[in-house]
Every structure is written in structure tokens, then in C-alpha cells.
Amino acid sequence: MIRPLKAADIPVILNLWFQNTKQAHPYIPASHWENNVDLVRQMLTDLAETYVFVDKHKTKGFISLLPGDFVGALFVNENCRSRRIGTKLLRYALRHRSSASLNVYAANRPAIAFYHRGGFKIIREQTDGQTGQPELLMSWAKGCKSTVHRLPGDS
């Protein structure tokens, strides 16, 4: 079941974010994520529209949309991946939107491939100002399909 975030979900969601973001981004020191826990908590409680995927009373994933239809976070518990939870969350969050965008680290090829499958296209490469890592701005528009799946470094 997908439902809006409740205050009681926040500790679980923060832990899910922290553990999975460290695993998904081994090229960024864990201290960077530790220093951003409060910022993520504030985002979840004050800025974002967040939905959680709950199954058998366990939170298995979440998606947060920031103002401007920007996907600020989408994480699925490591033990629950490849069960279409991320796809369901993404579709749920975008169902009443005409467009959305997100940033993804260029080194996170599984995430890039996931967003490509969801209809997102690479708009440009840039550098994340906090980490210095190359990242991609990706965009999605309702009804717009692309058969080109260019990844960083492709010609």
C-alpha cells in the first residue's frame, strides 16, 4: 500500500534513507550523509510531499517530491529491491503531474537505468556543489517517450 507520510514514519524513513544512500553512493564519504540527516528530516517534514510503501506493516520504500515537481528522494529497502516497489512509488507520485525532474549521480548507473525505464531523459551533466561529484539532471514529461538511452560517456 502506498500512503502519505505520517509523523511516526520519519525515524524509519530517515534510517532507510541513511543506510541506502551510503550503500548506493560508496564514492561519497559517509560523513557527508551523517552531516545531512537534519536537512533531510526538515525536507521530509516541512518541504516535501512524501509517500511511503508499506507492506505487512513494514515500510519498504519512499519517494519525496520537492516544490517544482522535483524528485528529491526515492529509496527502497535493499532487501526489497527488484519487486517493482520503486516503479510503483514513482508512478504513484507522478500520476497527477505533467512533468518532473531529478538529479542523480553519474556513477549511480543502476539509478540512471531505473529512471530511463520510467521515462526520464538526461538533460545535462553538471557537478554537485556539495560533493564535487558529476551528476545528471533528468526530466520526465507525461506522454513523452524516448527510445534513446544515452549514459554519461556515450557518444
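The exchange below goes through the sheet, two helices and the salt bridges of a predicted model.

Colleague: In what order do the seven strands of the open sheet lie, and which are the edge strands?
Modeller: The pairing in this open sheet is mixed, and the order is β1-β2-β3-β4-β5-β7-β6. An edge strand here pairs on one side only. The edge strands are β1 (2-4) and β6 (121-127).

Colleague: By how much are neighbouring strands of this sheet turned against each other on average?
Modeller: The angle is taken with direction ignored. On average, neighbouring strands are turned by 30°.

Colleague: Do β2 and β3 run parallel or antiparallel, and how many bridges join them?
Modeller: Strands of a sheet pair through backbone hydrogen bonds, and either direction can occur. One bridge partner of this kind is Leu65 in β3, which is matched with Glu49. The two strands β2 and β3 run antiparallel, and the bridges that join them number seven.

Colleague: Which strands does helix α4 touch, and what angle does its direction make with that of β3?
Modeller: Helix α4 (residues 85-94) packs on the sheet. The strands touched are β1, β2, β3, β4, β5 (99-105) and β7 (134-141). With the direction of β3, that of α4 makes about 40°.

Colleague: Why is α4 described as largely enclosed by the rest of the structure, and which of its residues are buried?
Modeller: Buried means under 20% relative accessible area. Seven of the ten residues of α4 meet this, so the helix is largely enclosed. They are Ile85, Gly86, Thr87, Leu89, Leu90, Ala93 and Leu94.

Colleague: Which residues of helix α3 are buried, and why do they lie on the same side?
Modeller: The buried residues of α3 (residues 37-47) are Val40, Met43 and Leu44. They lie on the same side of α3 because the arc they cover around the axis is only 90°. What covers them includes α1 (10-24), β2 (49-55), β3 (58-66) and β4 (70-76). On the other side of α3, the exposed residues are Asp38 and Asp46.

Colleague: What separates Asp38 and Arg41 along helix α3, and what is the N to O distance of their salt bridge?
Modeller: Asp38 is exposed at 55% relative accessible area, and Arg41 is partly exposed at 36%. The two are three residues apart in α3, so about one helical turn separates them. Their side chains meet in a salt bridge with an N to O distance of 2.7 Å.

Colleague: Are Arg3 and Asp9, which meet in a salt bridge, buried or exposed?
Modeller: The side chains of Arg3 and Asp9 meet at 2.7 Å, N to O. Arg3 has a relative accessible area of 14%, and Asp9 has 8%. The cut-off for buried is under 20%, so Arg3 is buried and Asp9 is buried.

Colleague: Which parts of the chain does the pair Asp69 and Arg97 link, and which network holds these residues?
Modeller: In this salt bridge the closest N and O atoms of Asp69 and Arg97 are 2.7 Å apart. The pair links distant parts of the chain, 28 residues apart: Asp69 is in the loop between β3 and β4, and Arg97 is in the loop between α4 and β5. Asp69 is partly exposed at 26%, whereas Arg97 is buried at 13%. The network of salt bridges links Glu49, Asp69 and Arg97.

Conventions
Residues numbered from 1 in each chain as written. Predicted model: local features only at pLDDT ≥ 70, side-chain atom pairs only at ≥ 80, totals over all residues. Heavy atoms only, no water. Buried < 20%, exposed > 50% of the residue type's maximum accessible area, 1.4 Å probe, protein only. Helix = DSSP H or I, 4+ residues; strand = E, 2+ residues; numbered from the N terminus. Arc of directions from axis to C-beta. Contact = heavy atoms within 4.5 Å. Pairing = 2+ DSSP bridges. Axes fitted to C-alpha atoms, helices over the stretch in contact; angles between N-to-C directions. Salt bridge = Lys/Arg side-chain N within 4 Å of Asp/Glu carboxyl O.
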